[in-house]
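Please consider the sequence and the structure shown here together. The account that follows is meant for a reader who has not met them before.

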Amino acid sequence: MVKKRRTHLSLIGSRGNPGKGWPRARKRLLLVPMGWLTKILKGSSHKYSDGQANRRYNREDRSLLDTPRYSAEGSDFDKEEIECAIALSLSEQEHVIPQDDKGKKVIEYKSETEEEDDEDEDDEEEDDDEEHMRAQVEAEEEEEKKLAQAQVEEEEKRRAESELEELEKQLAKARVEDEEIRRAKAQLEEDEQLAKALQESMNVGSPPPGYDSGSVFPSYPFLVPSRICTGCRGEIGHGRFLSCMGGVWHPECFCCHACDKPIIDYEFSMSGNRPYHKLCYKEQHHPKCDVCHNFIPTNPAGLIEYRAHPFWMQKYCPSHERDGTPRCCSCERMEPKDTKYLILDDGRKLCLECLDSAIMDTNECQPLYLEIREFYEGLHMKVEQQIPMLLVERSALNEAMEGEKHGHHHLPETRGLCLSEEQTVTTVLRRPKIGAGYKLIDMITEPCRLVRRCEVTAILILYGLPRLLTGSILAHEMMHAWLRLNVGYPNLRPEVEEGICQVLAHMWLESETYAGSTLIDIASSSSSSSSAAVAIASSKKGERSEFEKKLGEFFKHQIESDSSSAYGDGFRQGNQAVLTHGLKRTLDHIRLTGTFP
């Protein structure tokens, strides 16, 4: 028995279920066309392929596919299904149906699998669109949150700044009020003390009628406090007055101690309980530079920092040690601004005061050399040999020092040398002239061949030094010669030989400065005749200028304060030995032991 096969026309939904998806615009409607229905009604023998119709049938009906197809006339169609197909066909006319070349309508059929794939693709597109929209919404919400957070932070910052500004205003107002209260209290205390002093000065036995015992001020309006000016001792009365320095003053009586003009500034300086204008105080008490004549500036810490010479007490700015300010090679003073000085050919600078007594050539130095020899004879230390003495330039002195095998030279600058070797030395023959710009010109030099006739060949002294400095160097080098020419004084240690030579140089400077009185006491232990000789040598010297006396003190100070071990420590040990034991006993001890006693 052949079962009836029913043709179902349905709407394919999103998942292939019938009846679903009709409201969705993207779903395709699989309709049975009117031509096909007509053919069915006319009994057409048209065969269907499996893909042209969407039918539902049982497994057992599949065998019927191989049998001849029955026409529509022999089939029993449900009336309701035919009516539904007709209705759907009529609705299809509302849509545009493509036609082929013969004018026939083209019906597009799709299988359920293709419809499901299309629906899946549509669902994926919708899911992607929904996911994209959701991401956009979330991004916009996140941006809005950030903007809101930034606005909140900006508002909090503005509020904090406003509160801080208000707090600062309140603090400033509180400080002003505290200052006003303090001033009012100070003024009240001052007025109370003044009223108390006036009351005591009145010396009234009992308070007059109307006096309020609870108040310091008298209630009588005609009792005006009387003020006495500290400056003129006059009564101030009702006029203006100043209250300072523990008293009251007429404004015109409070004057500067320096310029004697009234001090009208709010601030003034004090020195020795005397008032000064601030500028007048600075002029009198702020140190000025002795070089540039300006006020010495303060350092970053606000302190006045300056350099001072240990002997001359010359104050100058620290910058002058680096800016090329000239310094005298003799007295070591900084040359003041716009002061003339002499420039020697070797670059040394000589101030005009030291130039007055400077010795410039060998012939000019000979009288001083004879005085030094007489000084040694007075000490019973006569030098029998005639030792040449030459004044030389710095270059010649340095060359001779390099060729000398003996001697100890530890000073920063060598200014004298006792030679023991044969050499040819260039000496200054004639005093040079002072040319333009205070420079030496026309210097005449001469080479001198030194022949060794004894242990000492010559004594060399640097030219251009003041007389006292040249003499002290000569006395020092003469002691070197005396030690080498006398038997029994072997090679001594530097501090012993240089120390005793500095002692003799210091003794000669004392003889030049103090008329030999101190030197007589020092040399008295050697012999009475030597003391008399020193006294006679001192009496031959003429009157020295004040600067030359001061210069002699400076050269002694240099010897006494030398910090080197050979010259400084050696002098202090030797000088103490001579002061304790005398010169002769000290020399004998050195000859026997090679050390100071």
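The paragraphs below treat charged side chains, then aromatic rings.

The model is a predicted one, and the features described were computed from it. A suitable place to begin is helix α3, which covers residues 112-202. Which residues gather in a patch of negative charge on the surface? The patch is made up of E116, D117, E121, E124, D127, D128, D129 and E130. Of these, E130 is placed in helix α3. With a relative accessible area of 46%, E130 is partly exposed, because the class of partly exposed residues runs between 20% and 50%.

Charges may also be found in pairs. Side chains of opposite charge can pair when their charged atoms come close. How many salt bridges does a search of the whole structure find? The search returns 19 salt bridges, and three of them may be followed in turn.

The opening example joins E155 and R159, whose side chains meet at 3.7 Å, taken from N to O. Both residues belong to helix α3, where they are 4 residues apart, and so about one helical turn separates them. E155 has a relative accessibility of 31% and therefore counts as partly exposed. R159 is likewise partly exposed, its relative accessible area being 39%. The pair also belongs to a wider arrangement, for a network of salt bridges links E155, R158 and R159.

Another salt bridge is formed by E179 with R183, and here the closest N and O atoms are 3.2 Å apart. These two residues also lie in helix α3, with 4 residues, or about one turn of the helix, between their positions. Their exposure falls into two classes. E179, at a relative accessible area of 28%, is partly exposed, whereas R183, at 55%, is exposed, because values over 50% fall in the exposed class.

A further salt bridge brings together R431 and E364, with a distance of 3.0 Å from N to O. Where do R431 and E364 lie? R431 is in the loop between β12 (424-430) and β13 (433-434), while E364 is in helix α6 (residues 362-378), so the pair ties together parts that are 67 residues apart in sequence. R431 is partly exposed, with a relative accessible area of 35%. E364 is partly exposed as well, and its relative accessible area is 31%.

Attention may now turn to the aromatic rings. Over the whole structure, a search finds 8 aromatic pairs. One of these pairs consists of W482 and Y489, with ring centres 5.5 Å apart and an angle of 55° between the planes, a tilted arrangement. Are W482 and Y489 buried or exposed? Both of these residues are buried.

The rings of F554 and F555 likewise form a pair: their centres are 5.7 Å apart and their planes stand at 50°, so this pair too is tilted. F554 has a relative accessible area of 1% and is buried. F555, with a relative accessible area of 2%, is buried too, because the buried class takes in values under 20%. F554 and F555 are also members of a cluster, in which ring pairs link them with F311, W312 and F547.

Key: Residues numbered from 1 in each chain as written. Predicted model: local features only at pLDDT ≥ 70, side-chain atom pairs only at ≥ 80, totals over all residues. Heavy atoms only, no water. Patch = residues over 30% accessible without salt bridge, like charges linked within 9 Å, V, L, I, M, F, W, Y side chains within 5 Å. Areas by Shrake-Rupley, 256 points an atom, 1.4 Å probe, with all protein chains shown as cover. Salt bridge = Lys/Arg side-chain N within 4 Å of Asp/Glu carboxyl O. Lys, Arg positive; Asp, Glu negative; His and termini not counted. Charge placed at Lys NZ, Arg CZ, Asp CG, Glu CD. Buried < 20%, exposed > 50% of the residue type's maximum accessible area, 1.4 Å probe, protein only. Phe/Tyr/Trp six-rings, centres within 6.5 Å; stacked < 30°, edge-to-face > 60°.
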